[in-house]
Amino acid sequence: MNESSALIARLKRIATTGMPTQGDGRADDAWLTQGMAKAQLHEVFATVDDAASGAGFAVASVLAARAAPVMWLRTDASERQGGRLHATGLVEMGLDVTSLVLAVVEDEADLLRAAADAARCHGLGTLLIESWGRAPKIDLTATRRLMLAAEASGVTILSLRIGAEPVPSAAASRWQVAACRSRPLEADAPGKPAFDIELLRRRGGQAGLRWRVEWDRDAYIFDQTAFEQTAFASGDPPALPGAGIPVAADRAAADDAAASVRRTG
């Protein structure tokens, strides 16, 4: 009841003064080591082909921000299109799956209702909302409500948009994620997860910035020095788009996942 009253009071203030305009006052590259600004709504866009990279980037961002526990909301359609979450892949990213609660709901309307409730839960570190396709109900009004709930509760909300085009929203930042080819390790072992990241929008800050980074699961940071060193040594652009990462959306592997994921719905 107290949470609802606080949210209603904040909505009344917004109605008279407008949406808050504060942005992320940190340096442009602070997200590399600190994750995304907390108590805000952020959007992560990826194509269908890069769905696993989008999910991997979202998970890594949670870890960089030390913003667990996590509630991951997705629809039945997301399960059909992208496959079940690959628990072993989440562990490889560095996530303790005991800190993850997965909820699968019937449709987009249920997704937003569940998100509205979860966003007011002070015990959460991050709420991750996954949607596929256009998802027209995730509009300016819905994102404004989520942003208000995030600011009131302190929960960070990541909206993972797979196969969608950006539309006007109240999100504090908007990111486009694609895979990079990983640098092979010794004996041609698979390299670390690598991402091509573009900052499309940042409230109160600069946009249009781009990074190529590796995820360092031991330090919980995004590392761009490896690509910088490679480009300097070869004289070529750092990395090429291509490889994906085994975090989500692998149907066969998910069935054989060794680690458990707590699930509801």
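**Figure 1. Cysteines without a disulfide.** A search of the whole structure, a predicted model, finds zero disulfides. Two cysteines are shown here. Cysteine 121 is partly exposed, at 36% relative accessible area. Cysteine 180 is buried, at 1%.

**Figure 2. The whole chain in brief.** The chain has nine helices and 10 strands. Of its 265 residues, 49% count as buried. Take the contacts in the chain with a separation of 6 or more: residues 24 or more positions apart account for 77% of them.

**Figure 3. The largest nonpolar core.** This core has 39 residues. Those with the most contacts inside it are Trp31, Phe57, Trp72, Ile197, Trp211 and Phe222. Which helix gives the most to this core? Helix α3, residues 51-64, does, with nine residues. In soluble globular proteins, nonpolar side chains tend to be buried together.

**Figure 4. Around tryptophan 72.** The neighbours counted here leave out those within four places in sequence. Tryptophan 72 is in contact with Ala55 and Val59. Its list of contacts also holds Leu85, Leu90, Leu100, Val101, Leu102 and Ala103. Leu128, Glu130 and Leu160 complete the list. A second core, separate from the largest one, has 21 residues. Among them are Leu73, Ala118, Met147 and Val155.

**Figure 5. The buried side of helix α6.** Helix α6 covers residues 108-118. Which of its residues are buried? They are Glu108, Leu111, Leu112, Ala115 and Ala118. These residues cover an arc of only 130° around the axis, so they lie on the same side of α6. The general rule helps here: an α-helix has 3.6 residues a turn, so residues three or four places apart point the same way. The buried residues of α6 pack against three strands and a helix: β2 (70-75), β3 (100-105), β4 (126-132) and α7.

**Figure 6. The salt bridge between arginine 203 and glutamate 151.** The structure holds 11 salt bridges. In this one, the closest N and O atoms are 3.8 Å apart. Arginine 203 lies in the loop between β7 (194-202) and β8 (209-216). Glutamate 151 lies in helix α7, residues 140-153. The pair therefore ties together parts that are 52 residues apart in sequence. Are the partners buried or exposed? Arginine 203 counts as buried, at 12% relative accessibility. Glutamate 151 is buried too, at 17%. Side chains of opposite charge can pair when their charged atoms come close.

**Figure 7. The salt bridge between glutamate 214 and arginine 183.** Here the closest N and O atoms are 2.8 Å apart. Glutamate 214 sits in strand β8, and arginine 183 in the loop between β6 (173-179) and β7, so the pair ties together parts 31 residues apart in sequence. Glutamate 214 is buried, with a relative accessible area of 2%. Arginine 183 counts as partly exposed, at 33%.

**Figure 8. The salt bridge between aspartate 196 and arginine 212, and a network.** The closest N and O atoms of aspartate 196 and arginine 212 are 3.4 Å apart. This pair links distant parts of the chain. Aspartate 196 is in strand β7 and arginine 212 in strand β8, 16 residues apart. Both residues are buried. Elsewhere, salt bridges that share partners join Arg74, Glu79 and Glu130 into one network.

**Figure 9. Around arginine 174.** Arginine 174 lies in strand β6. How buried or exposed is arginine 174? It is buried, with a relative accessible area of 10%. Residues up to four places away in sequence are not counted in what follows. Arginine 174 touches Glu43 and Phe45. It also touches Pro166, Val167, Pro168 and Ser169. Glu198, Leu199, Leu200 and Arg201 are further partners. Arginine 202 is 28 residues away along the chain, yet the C-alpha atoms of arginine 174 and arginine 202 are separated by 6.6 Å.

**Figure 10. Confidence along the chain.** The mean pLDDT of the chain is 84. A pLDDT of 70 or more is reached by 77% of the residues. Over residues 14-21, the pLDDT is below 50. Beyond near neighbours in sequence, that stretch has 12 contacts in the model. Residues 238-246 also have a pLDDT below 50. This second stretch has 32 contacts in the model beyond near neighbours in sequence. Where pLDDT is low, the predicted coordinates should not be read in detail.

Key. Residues numbered from 1 in each chain as written. Predicted model: local features only at pLDDT ≥ 70, side-chain atom pairs only at ≥ 80, totals over all residues. Heavy atoms only, no water. Core = buried A, V, L, I, M, F, W, Y, C linked by side-chain atoms within 4.5 Å. Buried < 20%, exposed > 50% of the residue type's maximum accessible area, 1.4 Å probe, protein only. Helix = DSSP H or I, 4+ residues; strand = E, 2+ residues; numbered from the N terminus. Contact = heavy atoms within 4.5 Å. Disulfide = S-S within 2.5 Å. Salt bridge = Lys/Arg side-chain N within 4 Å of Asp/Glu carboxyl O. pLDDT = per-residue confidence, 0-100. Arc of directions from axis to C-beta.
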